[in-house]
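Please look through the following model before reading the remarks on it. They are meant for someone who has not met this structure before.

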Amino acid sequence: MENGMGAQVSSSASGELRRVGLVYDERMCKHSTPTGEPHPENPDRIRAIWNKLMSAKIPQRCVVFDAKEVEDKYIAAVHTSNHINLIKTISSKKLASQRDRIAAKLNSIYFNEGSSESAYLAAGSVLDVAAKVAKGELNSAFAIVRPPGHHAEETEPMGFCLFNNIAIATSFLLNQKELGINKILIVDWDVHHGNGTQKTFYKDSQVLFFSVHRDEYGTFYPCGDDGSYDMKGEGEGEGYNINVPWENGKCGDADYIAAWDHILIPVAREFKPDISLVSAGFDAAIGDPLGGCRITPHGFAILLKKLMEFSNGKIVMALEGGYNLNSIANSVLSCVQVLLEDKQIVEPSEIYPFESTWRVIKEVREELSAYWPILAEKLPEKLTSKVTPLVKTYSSEYEDENDDDDVTIPLSKLKVSDDDDAHDKVEDWRSELSKVDVWYASFGSNMSESRFRCYIQGGQVEGMRRPCKGAVDKSQPKEVLWKTVPHRLFFGRESTVTWGPGGVAFLNPQTNNHDKTFMCLYRITLEQFNDVLLQENVSSDTTSPFFDLNALNSIENKTNISLKALKDGWYHNVVYLGKEKGVPILTMTCRVDQVEGFKSGKIPLRPPAKEYADTLIRGLVMGKQLSEDEAIAYINEASTKPL
């Protein structure tokens with residue numbers, strides 16, 4: 001409901017009156033940690049923004065609305081009934097004793113008695129102002145809401161997000177045919193990939209989804225391949241999903257402007273959206289404790305100004321992340337001033353992107369040029385040669401504690417009850433597991449020793465599209481040997497960031513005496529085995545081991561242990577293959593039920609890419625297991641023989 005503060009409208013530089021909507025409501029501050037523990041996603045985020053806007057007398061020039069709860073029928077277009085029911089009831093007294101236990105099972109989530117109301121108000125507010133902009137009642141709007149939304153997936157909340165606010169509003173606009181909205185541009189500039197929004201519209205050609213995010217080869221939250229540039233959409237939506245995954249932190253105004261100028265803006269001009277929705281996270285802002293990037297308030301203003309050319313400036317902005325109170329407040333102020341069109345925006349002329357930025361932009365353009373011919377044109381060398389040197393590549397996991405300018409906290413490490421001695425705990429488990437040897441048995445590309453050493457030392461070999469980070473302990477394997485096992489080798493999945501399109505190797509966890517698979521065994525420490533698990537499953541949480549001594553002691557009887565901490569990875573099932581010289585032999589693959597998924601076609605079976613197959617063949621030949629012709633035949637049979 002309009003609260004009366006926004007009777008005025010703003011006159012733009014062109015003389016046209018602008019009606020800019022703002023949503024702010026203290027009720028969304030009720031969502032906080034259960035007993036007031038410190039947390040980056042806290043009520044002060046939206047209070048700091050509102051106070052900054054008030055001090056600049058911005059609300060008096062806008063149309064201000066109270067928050068409005070969303071109806072379940074609109075949430076149901078994005079989330080399952082179980083998800084809706086969880087969020088609706090989580091704040092009830094009935095679930096008070098269970099809230100913390102439920103939250104602990106989810107990925108970076110907390111609940112309290114105010115969570116349900118806040119989530120409904122956040123989603124409803126974005127939907128409400130989106131409808132008003134679509135109808136022409138407002139030119140644009142900014143919804144200052146929390147909790148954020150873009151990580152929330154169809155079946156569960158994650159990453160501080162309860163409902164996917166932007167996705168719910170987008171679905172509403174498309175389903176209300178009388179609004180005349182047929183094409184929507186979603187721009188997600190939060191520093192983390194908008195995995196939930198991407199999955200909602202992955203097969204939809206009515207939505208052009210663009211996410212630019214710190215990715216670090218899939219190791220930055222939310223981790224995995226979802227944020228890679230080759231995730232282009234599927235079916236009718238193929239080509240309508242665009243990811244720009246930064247390889248490192250410290251990206252700033254020049255990097256983001258380059259992504260706008262050479263990817264987003266040319267494609268959006270071809271797409272011609274009826275309205276634009278911005279997942280406006282400000283954790284890529286300078287000084288953010290989780291982001292480690294460096295966009296200035298003026299930089300955000302430039303990015304937003306470039307979007308104003310589409311659909312007569314019909315833009316709805318919804319707050320996502322952003323955890324430095326000064327940065328988030330100044331950045332939102334700068335953006336609302338752009339929506340009001342009351343100041344001139346001048347682009348900087350003497351700042352340049354990183355070399356890695358140009359590399360990512362070229363890769364994205366090449367990947368999408370088949371769908372958007374405007375991207376097929378080669379960028380001139382004169383342009384891409386202008387770079388800012390990156391003094392150090394920053395990892396999402398191992399920041400330099402002496403660099404006070406850019407110390408980031410990985411979102412995946414945030415717990416409601418933060419442990420001050422978390423670093424000591426990491427050192428403790430690493431020290432303990434470094435004293436225990438295991439055989440890591442490889443059946444895939446790691447059969448090639450040079451490829452496996454990338455997981456220990458870091459780096460990449462021929463055919464790999466990205467380097468590995470390597471293990472903390474870079475000591476080489478103490479011994480290497482070969483053996484065969486009675487398990488079935490097969491190839492599946494569509495593609496990987498490391499190897500591109502094509503399947504990768506899996507081992508059926510169940511034995512079959514008719515099957516024979518070659519395995520290269522590396523004698524390494526249990527600490528190193530955990531680092532290989534981390535890299536194979538593109539996870540980023542190393543505060544505790546994935547596979548500890550208790551698991552090692554029990555796996556001989558269980559034969560398989562599926563690791564819950566890595567449940568989203570492809571190789572989270574550790575399989576025991578006996579002992580060699582008294583040392584346990586372990587490998588990692590999918591679960592038995594996932595093998596059934598491959599058999600039924602739910603998960604695709606695919607032959608490997610040539611570069612990947614060549615690496616397997618090289619490993620078998622150099623390991624003196626097979627001749628080249630025999631190795632080729634072995635891989636071909638595994639690729640084509642029905643499961």
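The numbered points below take up a pair of helices, then the aromatic rings, and last a single glutamine.

1. The model is a predicted one, and everything said here should be read with that in mind. A good place to begin is the packing of helix α5 (residues 115-135) against helix α6 (residues 165-175), whose axes lie 9 Å apart and meet at an angle of about 40 degrees. The two helices are therefore oblique to each other, and their crossing is right-handed.

2. On the α5 side this contact is made by A119, A122, A123, V126, L127, A130, A131 and A134, while α6 contributes N165, I166, I168, A169, F172 and L173. Sorted by class, the residues in the contact of α5 with α6 comprise 13 nonpolar and 1 polar, with no charged residue among them.

3. Turning to the aromatic residues, the structure holds 25 aromatic pairs. One of them joins F452 and Y522, which are stacked, with 4.0 Å from centre to centre and 15 degrees between the planes. Because F452 belongs to helix α14 (residues 449-457) and Y522 to strand β17 (residues 517-525), this pair ties together parts that are 70 residues apart in sequence. Both partners are shielded: F452 is buried, with a relative accessible area of 0%, and Y522 is buried too, with a relative accessible area of 1%.

4. A further pair is formed by F529 and F547, whose ring centres are 5.9 Å apart and whose planes stand at 75 degrees, so that the pair counts as edge-to-face. Here too distant parts of the chain are linked, since F529 sits in helix α15 (residues 526-536) and F547 in the loop between α15 and α16 (549-558), 18 residues apart. F529 counts as buried at 0% relative accessibility, and F547 likewise counts as buried at 0%.

5. Aromatic residues also gather in a group: F142, W189, F210, W260, F282 and F300 form one aromatic cluster. A reader may wish to select these six residues in the viewer and inspect the cluster directly.

6. The last remark concerns Q535, which is placed in helix α15. Is Q535 buried or exposed? With a relative accessibility of 9%, Q535 counts as buried, because the cut-off for that class is under 20%. When its neighbours within four places in sequence are left aside, Q535 is in contact with C454, Y455, C468, K469, G470 and A471.

Note on methods:
Residues numbered from 1 in each chain as written. Predicted model: local features only at pLDDT ≥ 70, side-chain atom pairs only at ≥ 80, totals over all residues. Heavy atoms only, no water. Axes fitted to C-alpha atoms, helices over the stretch in contact; angles between N-to-C directions. Helix = DSSP H or I, 4+ residues; strand = E, 2+ residues; numbered from the N terminus. Parallel < 35°, antiparallel > 145°, perpendicular 65-115°, else oblique. Left-handed = near helix turned anticlockwise from the far one by under 90°. Contact = heavy atoms within 4.5 Å. Nonpolar A, V, L, I, M, F, W, Y, C, P; charged D, E, K, R; others polar. Phe/Tyr/Trp six-rings, centres within 6.5 Å; stacked < 30°, edge-to-face > 60°. Buried < 20%, exposed > 50% of the residue type's maximum accessible area, 1.4 Å probe, protein only.
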